[in-house]
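Colleague: Please show me the model, and then let us go through the ligand site and some of the strands.

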Amino acid sequence: MNAQSALTTSPPAASDTSAVPDYLAPVFAQYPLDVVAASGVWLDTRDGRRVLDLYGGHAVAALGYGHPAWIEAIARQARTLSFQTNAVQLEVRLRAAERLVRFSGLDIARVFFVNSGAEANENALKMAFTITGRTQVAAIEHSFHGRTAGAAAITWGAAGKWYGFPRLPFDVSFIPRRDANAIAAQVTSATAAVIVEPVQGVGGAFDMGAPFLRALRERCDAVGALLIFDEVQCGMGRVGEPFAARLYGVLPDMITTAKALGNGFPCAALLMTPAVAHALRLEALGTTFGGGPMACAAIEAVIDAIESEHLLERVRSTAAQIRSRCIVGPVLAHQGAGLLVGLRTARPAKEVHAALLARGILAGSSADPSILRLLPPFILESGHVELLREALLDIGG
Ligand SMILES: Cc1ncc(COP(=O)(O)O)c(C=O)c1O
């Protein structure tokens, strides 16, 4: 198609509920849900329904929607200084990094702010290749790390399904989940890094467990490889601790995080231990938008809210309530950690997902067809959990 014919093509049809023609790339399957507004844990639809959001915009809306302090922090920053390059030192950027390091409670020396989870992972890999001078990476089966060339190369099944680049940029091997005995064969003196989601998200809210993560740490130390925790989805309090590294008591060399970090303002971060930070050189990493002042204001507001509203405790108690009250109806068992919950269903999770939506509850799915995934805002209350229980009982076994 040449430019002229592209311009003269008539606009695509409007969707069912909106008058606006749809020019968006049709690459996302769409839930039958037309959301026009949201507040707290509730979504408002164009046809006047209120839907309980247990999906949280895919683990993003940690504070829920319309959190006043978060809105005010972004608005204030927009009024004061909406953007400046990383070549200019900004106090709000310094503050966000310092808050994040303190929030982590881990031995983190440096933070590199970027825009997305995939970009954080790409930069973590770049550091590992630079430090070790090696070219191999070991990832975990059923992992998801993003859609850019490097992040997709370490994503399970991407090469066969949607990779889209002509070749992988480096050598990758995969370790079966929780199989400590399989680690040594894949992690050798040629391995630059092992990357693992301590609790897999897309893979089905699957918790790797402390023994497996400890075994990865030990093997990395033995062969001189770096250990990267991808906490893009499970980090920033979702497991009831600031990071899963704290929950499992295993310190990786780098942590990547995103999603809840900005509560919807796009941002991500790469956290580095002192040994990794030591290898940083001027211009080794870079970004235009990463660490922008508005993103940093959002990050500060998120950490403020998590701490001042005691949201880690809330995550732990609500997560425990879901596990004790919601193994009913079509749900047989649970997995995952904190508010990254996998509910194992007796029938296809897709069917349960649709049945819940018909009852005004939005959940998530996963790559595992019998796992319904819940990624709710941290502000979820016990009454909301009871609504889920009632809906599941109504759906029946
Ligand atoms: C664990 C994990 N890593 C990386 C990514 C990629 O993040 P992004 O879509 O921000 O690039 C995701 C996204 O779902 C994720 O769940």
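Colleague: Which helix gives the largest share of the shell around the ligand?

Modeller: This is a predicted model, where local features need pLDDT of at least 70, side-chain atom pairs count only at pLDDT 80 or more, and totals for chains, interfaces and linings use all residues. Residues are numbered from 1 along each chain as its sequence is written, and side-chain values use heavy atoms, leaving out hydrogens and water. Helices are DSSP runs of H or I with at least four residues, strands are runs of E with at least two, and both are numbered from the N terminus. With 3 residues of the shell, the largest share comes from helix 5 (residues 117-132).

Colleague: Which side chain has a polar atom 2.7 Å from a nitrogen atom of the ligand?

Modeller: A polar contact is a pair of N or O atoms within 3.5 Å. An oxygen atom of the ligand lies 2.9 Å from a backbone N or O atom of Ala118, and a ligand oxygen is 2.8 Å from a side-chain N or O atom of Gln233. The 2.7 Å pair with a ligand nitrogen belongs to the side chain of Asp230.

Colleague: Which residue in strand 3 does Leu43 stand opposite?

Modeller: Two strands pair if DSSP finds at least two bridges between them. Strand 2 (residues 42-45) and strand 3 (residues 50-53) run antiparallel, joined by 3 bridges. They form a hairpin with 4 residues between them, and Gly48 in the turn has a positive phi of about 85°. Opposite Leu43 stands Val51.

Colleague: Which residue of strand 15 stands opposite Leu52?

Modeller: Strand 3 and strand 15 (residues 361-362) run parallel, with 2 bridges. Opposite Leu52 is Ile361.

Definitions and conventions. Polar contact = N/O pair within 3.5 Å; in protein donor to acceptor, adjacent residues only side chain to side chain.
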